[in-house]
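Subject: Structure for you to look at

Hello,

Here is the structure I said I would pass on. Please open it first, then read my notes below.

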Amino acid sequence: MKTVYILFLVFFITPFVNIQAQGLLSEKTEFTRQDTLRGSITPEREWWDLTYYHLDIKVDPENKFISGKNTIQYKVLDQDSVMQIDLQPPMELLKAVQNGQELKIKHDGNAHFISLSDNQNVDEVNELIVHYQGHPREAVKAPWDGGISWKKDKNGNHFIASSCQGLGASVWWPCKDHMYDEVDSMQISVNVPSKLTNVSNGRLRRVDQIGDTKTYTWIVKNPINNYGVNINIGDYVNFSEVYDGMAGNLDLDYYVLSYNLEKAKEQFKQVPMMMEAFEHWFGQYPFYKDSFKLVEVPYLGMEHQSSVTYGNGYQNGYLGNDLSGTGWGLKFDFIIIHEAGHEWFANNITNKDVADMWIHEGFTAYSENLYLDYHFGKQASAEYVIGTRKNIQNDRPLIGYYDVNKEGSSDMYYKGANMLHTLRQLIEDDEKWRKILRKMNVTFYHQTVSSKQIEDFLSQETGIDLTEFFNQYLRTTKVPTLEYTINKKTLKYRWISIVEGFDMPIQVIINDEDMWLFPKADWQTMNLESKQSSIKIDPDFYIYSQKI
Ligand SMILES: [Zn+2]
């Protein structure tokens with residue numbers, strides 16, 4: 001999700017955004033020790049592998065206060081004695097306990113180094129309990145500037161939700177806050193005032209009445225990334241249906257504010273349509289055991305795994321707007337389609353380092369046009385993705401900075417999508433392309449990966465060496481430009497604005513005839529039939545051209 005907000009702003013205040021982007025560029029090349037502690041696989045993280053969390057908390061809406069504990073189970077990979085747990089102030093890590101013994105903690109900003117006194121033997125699965133409390137950072141503009149949103153619904157009931165992409169889950173609960181290591185399964189217990197309901201990830205196991213409060217316990221049976229874990233608290237009503245999917249019956253569960261029930265029943269008809277299109281293109285929904293939920297929240301939305309959050313106002317488009325300007329963007333509810341697309345790209349296949357977040361946003365932005373392709377045809381799909389090019393700024397590369405928790409440009413959305421649309425043209429076989437996307441979701445099922453792994457996989461599966469293709473589109477801001485000249489009956493052409501070795505072929509129409517050109521960095525020559533020859537470049541390729 002995240003940086004779509006920036007795209008949205010572009011329509012209205014482009015100069016401001018450009019200035020801001022330049023500011024970010026100069027600012028973000030300098031990183032602090034805290035950035036490194038947050039963004040790298042430190043020695044205090046590397047020696048242990050997460051297996052299970054039980055997050056057990058009480059949420060006090062009146063005082064905007066969270067307190068509780070997290071039980072952390074882990075497998076010892078290498079003997080060590082210091083463990084890094086992350087929790088961002090003003091939340092306080094109160095104590096850490098192992099085998100009944102309270103442990104020493106050295107606090108260092110967001111990182112907390114816990115000295116373990118028991119031996120940590122390789123292959124053992126051990127358990128640590130951390131207790132914490134505090135007034136968590138309040139979301140300023142969720143989900144982009146996240147934290148906890150403490151809102152009220154129209155009836156004056158509390159309406160509360162967490163969102164923490166980029167910022168990190170440690171803004172509201174103590175965890176190993178790095179993308180590379182997903183916990184294998186999780187239990188989430190949330191105590192709230194009796195008249196409210198808490199919806200988290202996975203399936204509801206039980207509800208316990210405790211005085212005038214209730215504890216909702218949710219079970220997640222699949223690996224989950226930190227920012228995917230969420231709490232949503234409100235005056236919810238629930239409706240559901242069973243989808244006959246690729247892997248059998250899939251529960252689709254919806255939690256919406258009581259007064260939005262009828263609107264939701266209408267708008268959420270797009271959920272089975274989404275499931276049908278995405279299982280066709282990407283293979284089976286990756287979390288059958290945990291079901292699929294759509295949960296209304298007081299902000300736009302987020303790809304929380306198996307409890308995708310929704311705040312698009314029960315309307316099509318992106319808050320009613322078409323990001324492509326072609327009309328096709330109003331044929332679907334952007335938040336339902338985009339955020340659910342992330343179940344395959346972000347939640348199933350997850351980046352190890354947010355520098356490679358284009359894997360999440362590029363493929364998911366691309367999924368918007370594959371949804372259109374499935375329901376409205378190939379032409380609609382192409383027009384949409386080409387239409388979104390106007391959002392591309394080419395300000396910074398798609399890949400960000402490694403080991404400091406810094407993603408690349410917001411171009412990861414629509415430049416990413418257009419790069420993949422260009423790749424589809426190179427493959428020239430839609431069925432093969434679909435099989436590759438499906439195989440990708442099997443090969444990297446429930447894994448965290450690097451961009452390099454995805455690039456190598458696509459090179460191997462397409463049979464095309466895509467090394468320079470990805471170097472060009474992911475690691476530079478340069479758009480490959482076809483420079484050409486027609487002199488009498490001779491066409492001369494070459495690539496400029498490219499990385500060394502970039503030699504992508506492109507499709508052109510010359511005198512009404514489709515053909516491939518094979519430009520390189522040096523001039524190529526082709527004989528034409530007549531002096532009046534016309535040349536048109538296939539708009540499906542994200543390139544520039546200039547006649548000289
Ligand atoms: Zn997204």
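Which residue in strand 14 is the bridge partner of Arg206? The bridge partner is Thr217.

Some ground rules come before the rest. This is a predicted model, in which local features need pLDDT of at least 70 and side-chain atom pairs count only at pLDDT 80 or more, while totals for chains, interfaces and linings use all residues. Residues are numbered from 1 along each chain as its sequence is written, and side-chain values use heavy atoms, with hydrogens and water left out. Helices (H or I, at least four residues) and strands (E, at least two) are DSSP runs numbered from the N terminus. Two strands pair if DSSP finds at least two bridges between them.

Sheets

Arg206 and Thr217 belong to the pairing of strand 13 with strand 14 (residues 213-220), which run antiparallel and are joined by 7 bridges. These strands are part of an open sheet of 8 strands, in the order 5-4-8-2-1-11-14-13, with mixed pairing. Strand 5 (101-102) and strand 13 (203-210) are at the edges with a single partner strand each, so one side of each has no neighbour in the sheet.

Another open sheet has 5 strands in the order 16-17-18-20-19, again with mixed pairing. Its edges are strand 16 (236-245) and strand 19 (301-302); each has a single partner strand, so one side of each is left without a neighbour in the sheet. Within it, strand 18 (residues 292-296) and strand 20 (residues 308-310) run parallel, joined by 3 bridges, and Glu296 stands opposite Tyr310.

Strand 25 (residues 506-510) and strand 26 (residues 513-517) pair antiparallel over 5 bridges. Ile509 stands opposite Asp514. The hairpin has 2 residues between its strands, and Asn511 takes a positive phi near 50°.

Helix 10

Helix 10 (residues 430-443) has 14 residues, which at 1.5 Å a residue should span 20 Å; its end C-alpha atoms are 20 Å apart, so the two agree. (The expected span is 1.5 Å times one less than the number of residues.)

Which residues of helix 10 are buried? They are Trp433, Arg434, Ile436, Leu437, Met440 and Asn441. They cover an arc of only 155° around the axis (taken from the directions from the helix axis to the C-beta atoms), which puts them on the same side of helix 10. On the other side, Lys435 and Val442 are exposed. Buried means under 20% relative accessible area and exposed over 50%, with partly exposed in between (1.4 Å probe, protein chains only).

Regards
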